[in-house]
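Fancy a quick workout on a protein fold? Grab your viewer and try the exercises before reading the solutions.

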Amino acid sequence: VLPLFVHHQQADAAIAAMPGCSRQSIERTVATAREAFELGIPAVALFPALTAAEKSPTAIESMNPDGLLPRCVQALKRALPELVVITDVALDPYSTDGHDGLVEAGQIVNDPTLPILAAMAVTQARAGADVVAPSDMMDGRVRAIREALDAAGFTEVGILSYCVKYASAFYGPFRDALDSAPRFGDKKTYQMDPANVREALREAALDEAEGADALMVKPGLPYLDVIRAVREATNLPIAAYHVSGEFAMLKAAAERGWIDYDRCLLESLLACKRAGADFIFTYGALDAARLLKTSRNG
């Protein structure tokens, strides 16, 4: 799965220089998705990079049917009807606070966030999203989203739950690309403690019971043991997210001549697969697809 960052225009030089995390206009996103699909990549995951004027404390833009993300979904489905389009469900790209949930009196509040996430998912489904992917880590959001989708007639839209998302230090380039870093504090009150494996199994079981169709572990390589543990605990498809920091380290080391980028990229993805991932989100998807195609063609 190729993650793509959608913006109203092409990225400035600083953002464009970040490995794999360049912002792209809708037109360029469609072109990149076409290239990916022709290389055999069946799905893209969209993340919106909004302007400051579009952000608010209640993330109201996330429910705008004419917003950046819905328009991009519509453009992709017109151009590539068979491409699987996965959309991110979380408040942080739309919120002036930069958190994944609503903020009240300096606290992230779980239950008041759920109706917003559900409405956001329905907006994305109406635009043509095939899979909605709640990455917010609010408790109960999978059930809220499933009920809202079903009530709106989108019973076939799948839910890929980021059920095991750690409060990781490897997300830096991603947050810079989306300008979605928290404006205060951190995300440790709702993302998971990197030292905790048992909670991952509880989170996976809860989201499966609430109606998730697939489960995500994020990040990837530092949490291969977690991917394996979740794989052994469920029959649902498992996704691993080879995150921006992991990918950036490969690119930076390769630029210094310290590693063979091609071999290390494929080995990194193979490790996620070996641990039990059925599919992998990676900023190296295009590179990996080209390498695999070359290998197959001899």
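Three exercises follow, each with a worked solution.

A bit of housekeeping: this is a predicted model, where local features need pLDDT of at least 70, side-chain atom pairs count only at pLDDT 80 or more, and totals for chains, interfaces and linings use all residues. Residues are numbered from 1 along each chain as its sequence is written, and side-chain values use heavy atoms, with hydrogens and water left out.

**Exercise 1.** Work out the strand order of the open sheet and find its edge strands.

*Solution.* Start with the order, which is β2-β1-β3-β4-β7-β8-β9-β10-β11, with parallel pairing (strands are DSSP runs of E, at least two residues, numbered from the N terminus; two strands pair if DSSP finds at least two bridges between them). Next, look for strands that pair on one side only: these are β2 (23–24) and β11 (279–282).

**Exercise 2.** Zoom in on how β7 and β8 pair, and place helix α5.

*Solution.* First, β7 (residues 131–134) and β8 (residues 158–165) are parallel, joined over two bridges. In one of them, Val 132 partners Ile 159 of β8. Then add α5 (residues 141–151; helices are DSSP runs of H or I, at least four residues): α5 lies across β4 (84–89), β7 and β8, at about 170 degrees to β8 (axes are fitted to C-alpha atoms, for helices over the stretch in contact, with angles from 0 to 180 degrees between N-to-C directions).

**Exercise 3.** List what Val 164 touches beyond four places away in sequence.

*Solution.* Using contact as heavy atoms within 4.5 Å, you get Met 137, Met 192, Ala 200, Met 216, Val 217, Lys 218, Val 226 and Val 230.
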